[in-house]
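Biologist: I would like to learn how to read a protein model. Please take me through it feature by feature.

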Amino acid sequence: MAGFKMSSPKENVRKEIRQMRKDLLPEEKEQMDQQIRERFLNLPQLEQVKSIYLYASIGREVDTWGLLEALWKKGIRTALPSAEGKELCFCFVDNCQRLQAGTMKIWEPKKDCALADDPHSWVITPGVAFSVDGRRIDRKRGVEGTSVG
């Protein structure tokens, strides 16, 4: 059949999760974001962490702005991604004034921010859906792995 494309199970999962996220009422999303943030901030292992690589959320993604503020208050260094052509690098940011709208209006570090260099840093990865063992279900390969080595 010309033009017919069969959906894969992972595409179906991603589509279902996106719809569920879209259907959330604003107050439901805010409550879920707060629960995620509090659960993360209460991890006992967080006391040993010196830096965390994460992203500045947009749209209906899990909100990371409150988390960024809390991490800055705790003195934990945060690094956000910056697109340099097809390359993705992480740079340290210690407040919102160190961010600028980048590619596709996604907030990223200003060009003069220091390159992140902590090989022991934690990484918070954005994604629509994750496997039971915590791997991101990607559109193409099934598991994301290009920015984390």
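Modeller: What follows covers the sheet, a helix on it, the cores and the aromatic rings. This is a predicted model, so local features need pLDDT of at least 70, side-chain atom pairs count only at pLDDT 80 or more, and totals for chains, interfaces and linings use all residues. Residues are numbered from 1 along each chain as its sequence is written, and side-chain values use heavy atoms, with hydrogens and water left out.

Biologist: In what order do the 4 strands of the sheet lie?

Modeller: Helices (H or I, at least four residues) and strands (E, at least two) are DSSP runs, numbered from the N terminus. Two strands pair if DSSP finds at least two bridges between them. Here the order is β3-β2-β1-β6, in an open sheet with mixed pairing. The edge strands, β3 and β6, each pair on one side only.

Biologist: Which strands run parallel, and which are antiparallel?

Modeller: β1 and β2 (residues 77-84) run parallel, joined by 3 bridges. In that pairing, I52 stands opposite T78. β2 and β3 are antiparallel, with 7 bridges, and S82 stands opposite C89 there. The hairpin of β2 and β3 has 2 residues between the strands, and G85 takes a positive phi near 65 degrees in it.

Biologist: Which helix packs on the sheet?

Modeller: Contact means heavy atoms within 4.5 Å. Axes are lines fitted to C-alpha atoms, for helices over the stretch in contact, and angles run from 0 to 180 degrees between N-to-C directions. By these terms α3 packs on the sheet: it touches β1, β2 and β3, and its direction makes about 130 degrees with that of β2. After α3 comes G75, with a positive phi near 80 degrees.

Biologist: Which residues of α3 are buried?

Modeller: Buried means under 20% relative accessible area, exposed over 50%, and partly exposed in between (1.4 Å probe, protein chains only). An α-helix has 3.6 residues a turn, so residues three or four places apart point the same way. In α3 the buried residues are L67, L68, A70, L71 and W72. Their cover includes α2, β1, β2 and β3.

Biologist: What gives the largest share of the largest nonpolar core?

Modeller: A nonpolar core is a set of buried Ala, Val, Leu, Ile, Met, Phe, Trp, Tyr and Cys residues joined through side-chain atoms within 4.5 Å. The largest one has 18 residues, of which F40, L41, L46, I52, L71 and L80 touch the most other members. Two or more residues each come from α2, α3 (65-74) and β3, and the largest share, 5 residues, from α3. A second, separate core has 5 residues, among them Y53, A79, F92 and A116.

Biologist: How many aromatic pairs are there?

Modeller: Rings of Phe, Tyr and Trp (its six-membered ring) pair if their centres lie within 6.5 Å; planes under 30 degrees apart count as stacked, over 60 as edge-to-face and the rest as tilted. A search of the whole structure gives 2 pairs. F40 and W122 are edge-to-face, at 5.9 Å centre to centre and 75 degrees between the planes. F40 is in helix α2 (residues 26-41) and W122 in strand β6 (residues 122-123), 82 residues apart. F40 is buried at 15% relative accessible area, while W122 is partly exposed at 27%.

Biologist: Why does the pair of Y53 and F90 count as stacked?

Modeller: The ring centres of Y53 and F90 are 5.1 Å apart and the planes are at 25 degrees, so the pair is stacked. Y53 is buried at 11% relative accessibility, and F90 is buried at 14%.
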